[in-house]
Amino acid sequence: MAQEVIPFAFSITAYGADYPVDSLVKRIESGDIIVPRFNWEPDQNSEIVGFQREYVWPRTKADRFIESLLLGLPVPGIFLVKETSGRFLVLDGHQRLFSLHAFCQGIIHGEEYRLDGVQVRFQDKRYKDLDVEDRRRIDDSIIHATVIRQDEPTDDQSSIYSIFERLNTGGVNLQPQEIRVALYHGELVRVLQDLNSNSSWRNLYGGKSVRLKDMEMILRFFAFFYYSDQYKSPMKDFLNRYMASNRNLQRQTKEQLTKTFVDTVSLLETTIGTRAFRPIRAVNAATIDSIMTGLAHRLTKGPIEDKATLIKKYETLIKSKEYLAAIETGTSQESNVISRLKLSLDAFAEIK
């Protein structure tokens with residue numbers, strides 16, 4: 001595997017802070033510390049919508065972690081990102097903080113949280129059942145946090161993204177879009193979540209991806225549609241920059257994004273159908289970004305009436321050797337990105 005190339009040096013401020021458990025729990029409840037949600041149904045009132053990372057700790061591990069605090073034993077630290085708002089996003093330590101918060105609240109996965117497989121004195125006890133001394137001990141237990149803030153570059157959270165990828169100790173390796181949804185939580189995430197449920201999109205793409213690959217493809221379409229001239233590999237950095245720049249819809253509005261996306265996928269569904277993103281057999285990401293971008297640019301001039309010509313242009317495009325070369329290998333290379341986008345733009349540009 002090729003070694004990752006980091007294209008620039010980061011300027012990061014990092015410092016240590018010790019938090020008592022009761023302070024961490026209160027901060028989580030008040031929203032001052034944001035713990036990405038674990039495989040829960042999307043909540044329109046949630047700070048982070050649709051983040052699908054699973055809570056992977058078995059109860060035995062969670063109970064042992066709580067027991068360690070009750071016994072006064074040291075536990076691993078956590079990593080927090082300080083956002084411009086002053087709030088903290090949990091970068092590493094999700095499992096620990098989720099378990100801790102669940103125990104103090106008394107509920108985990110919809111059931112009462114009673115300790116099991118621990119010291120006899122703690123067995124079957126809820127937080128509220130603990131002796132005063134034990135409750136005070138866990139409340140006063142210290143968890144060390146490393147707090148980080150990116151100073152440069154200022155236009156995205158690229159260094160935090162890299163740290164997120166490298167730490168990622170929760171037991172399930174996060175996919176790029178899962179990290180983005182946590183790191184760039186905001187209004188754009190809500191729009192992507194909504195559009196990902198669009199019926200035409202679902203018919204074209206197929207079943208929902210539990211690792212958010214389908215949501216990433218919608219993001220990729222928007223990034224190419226609006227800023228393809230700014231593309232530089234690697235792809236993940238390009239998508240990070242776009243998501244950071246429009247995190248709270250400061251560049252394109254919800255209405256703009258929704259109309260552009262819905263018009264494009266609706267037309268594709270009614271003309272090309274479910275094979276639109278499958279030039280051979282499986283769904284091809286490079287086909288999605290190029291076909292949708294080319295067609296969306298044509299739709300900025302008005303609706304397409306000549307559906308038969310659209311279908312012919314599509315058929316010719318996906319059989320082109322030059323186009324196939326740009327969607328089959330090295331699809332994030334700048335030359336291939338430029339090539340397939342241009343071919344698609346040219347193919348659909350003059351359709352009446």
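**Overall fold and packing of helices α10, α11 and α12**

In the predicted model, 70% of the contacts in the protein chain between residues at least 6 apart in sequence join residues at least 24 apart. The chain contains 15 helices and seven strands. Of its 352 residues, 50% count as buried. The accessible surface of the protein chain comes to about 16700 Å², and carbon and sulfur atoms account for 50% of that area.

Helix α10 spans residues 235–245. Nine of its 11 residues are buried, so the helix is largely enclosed by the rest of the structure. The buried residues of α10 are M235, D237, F238, L239, N240, Y242, M243, A244 and S245. Their cover includes α5 (158–167), α6 (176–183), α7 (187–195) and α9 (213–227), which precede α10 in the numbering, together with α11 (254–271) and α15 (334–348).

Helix α11, one of the elements covering the buried residues of α10, also packs against helix α12 (residues 285–299), with axes that come within 9 Å and cross at roughly 110°. Because crossing angles of 65 to 115 degrees count as roughly perpendicular, α11 and α12 are described as roughly perpendicular to each other. On the α11 side, the contact involves T260, F261, D263, T264, V265, L267 and L268; these residues meet I291, M292, L295, A296 and L299 in α12. By class, the contact of α11 with α12 has nine nonpolar, two polar and one charged residues.

Definitions and conventions: Residues are numbered from 1 along each chain as its sequence is written. This is a predicted model: local features need pLDDT of at least 70, side-chain atom pairs count only at pLDDT 80 or more; totals for chains, interfaces and linings use all residues. Side-chain values use heavy atoms; hydrogens and water are left out. Helices (H or I, at least four residues) and strands (E, at least two) are DSSP runs, numbered from the N terminus. Buried means under 20% relative accessible area, exposed over 50%, partly exposed in between (1.4 Å probe, protein chains only). Contact means heavy atoms within 4.5 Å. Accessible areas come from the Shrake-Rupley method with a 1.4 Å probe; for residues, only the protein chains shown count as cover. Axes are lines fitted to C-alpha atoms, for helices over the stretch in contact, and angles run from 0 to 180 degrees between N-to-C directions. Angles under 35 degrees count as roughly parallel, over 145 as roughly antiparallel, 65 to 115 as roughly perpendicular and the rest as oblique. Ala, Val, Leu, Ile, Met, Phe, Trp, Tyr, Cys and Pro count as nonpolar, Asp, Glu, Lys and Arg as charged, and the others, Gly among them, as polar.
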